[in-house]
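Reader: I'd like to go through the labels on this structure one at a time and see what each of them rests on. Could you take me through the reasoning?

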Amino acid sequence: MVIQEQKSDRVKTFLKQQQDSALIKLRNCIHNGCLDENDADLAKFKTSFRQLKIKDDIIYQVRQDSDRIVVPEALQNDVLNSVHNENFAGHFGLNKTYAK
């Protein structure tokens, strides 16, 4: 999962990325310039690998519009909940969205 950074807690993100086994492998791949496509943890990064960079010790996906943080697995539910369940979330649920 990749998200756009919006004043996120950089320390929390950094620490969680450092503890995520897939992202530890990914960090090594970025430094070495190669991706082991046979590694199940890394296969999901195959299509975006060339867009990944490390900036201030945090892994980002570089996009034309902005750089987006690669979200550690331990934070993915928190991120999904914050963008779907908060009062300012992007849509009003399946039924109301479908009715439009």
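Reader: How many bridges join strand β3 to β4, and do the two run parallel or antiparallel?

Author: Happy to help, and please keep in mind that this is a predicted model. Strand β3 (residues 58–62) and β4 are joined by three bridges and run antiparallel. Pairing of strands asks for at least two bridges, so β3 and β4, with three, count as paired. One of the partners is easy to find: Q61 has R68 as its bridge partner in β4.

Reader: What joins β3 to β4 along the chain?

Author: A hairpin does, and it passes through four residues.

Reader: Why is L26 called buried?

Author: Its relative accessibility is 0%, and buried means under 20%, so the label follows for L26. You will find L26 in helix α2, which covers residues 21–32.

Reader: Which residues does L26 touch, leaving out those up to four places away in sequence?

Author: L26 touches L35, L42, F45, F49, L52 and I59. Take I59: L26 and I59 are 33 residues apart along the chain, while their C-alpha atoms are separated by 8.8 Å. L35, counted in the same way, is in contact with L26, C29, L42, F45, K46 and F49.

Reader: Which residues make up the largest nonpolar core?

Author: There are 11 residues in this core: L23, L26, C29, I30, L35, L42, F45, F49, L52, I59 and V70. Helix α2 gives the most to the core, four residues. As a general point, nonpolar side chains in soluble globular proteins tend to be buried together.

Reader: What makes D67 and K53 a salt bridge?

Author: The closest N and O atoms of D67 and K53 are 3.2 Å apart, and the cut-off is 4 Å, so the pair qualifies. D67 belongs to strand β4 (residues 67–70) and K53 to strand β2 (residues 52–55), so this pair ties together parts that are 14 residues apart in sequence. Both residues are partly exposed, because D67 has 23% relative accessibility and K53 has 30%.

Reader: How many salt bridges does a search of the whole structure find?

Author: Five. Among them, E37 pairs with K46, where the closest N and O atoms are 3.7 Å apart; that is still within 4 Å, so it counts. E37 is partly exposed, at 47% relative accessibility. There is also a network of salt bridges that links K25, D39 and D41.

Reader: Where do D65 and R68 stand, buried or exposed?

Author: Their side chains meet in a salt bridge, at 3.0 Å from N to O, yet the labels differ. D65 has 55% relative accessibility, and exposed means over 50%, so D65 is exposed. R68 has a relative accessible area of 18%, which is under 20%, so R68 is buried.

Reader: How do you know that C29 is not bonded to the closest cysteine sulfur?

Author: That sulfur is in C34, 5.5 Å from the sulfur of C29, and a disulfide needs the sulfur atoms within 2.5 Å, so the two are too far apart for a bond. C34 is in no disulfide, and the structure as a whole holds zero disulfides. As for accessibility, C29 counts as buried because its value is 9%, whereas C34, with 45%, is partly exposed.

How values were computed
Residues are numbered from 1 along each chain as its sequence is written. This is a predicted model: local features need pLDDT of at least 70, side-chain atom pairs count only at pLDDT 80 or more; totals for chains, interfaces and linings use all residues. Side-chain values use heavy atoms; hydrogens and water are left out. Buried means under 20% relative accessible area, exposed over 50%, partly exposed in between (1.4 Å probe, protein chains only). Contact means heavy atoms within 4.5 Å. A nonpolar core is a set of buried Ala, Val, Leu, Ile, Met, Phe, Trp, Tyr and Cys residues joined through side-chain atoms within 4.5 Å.
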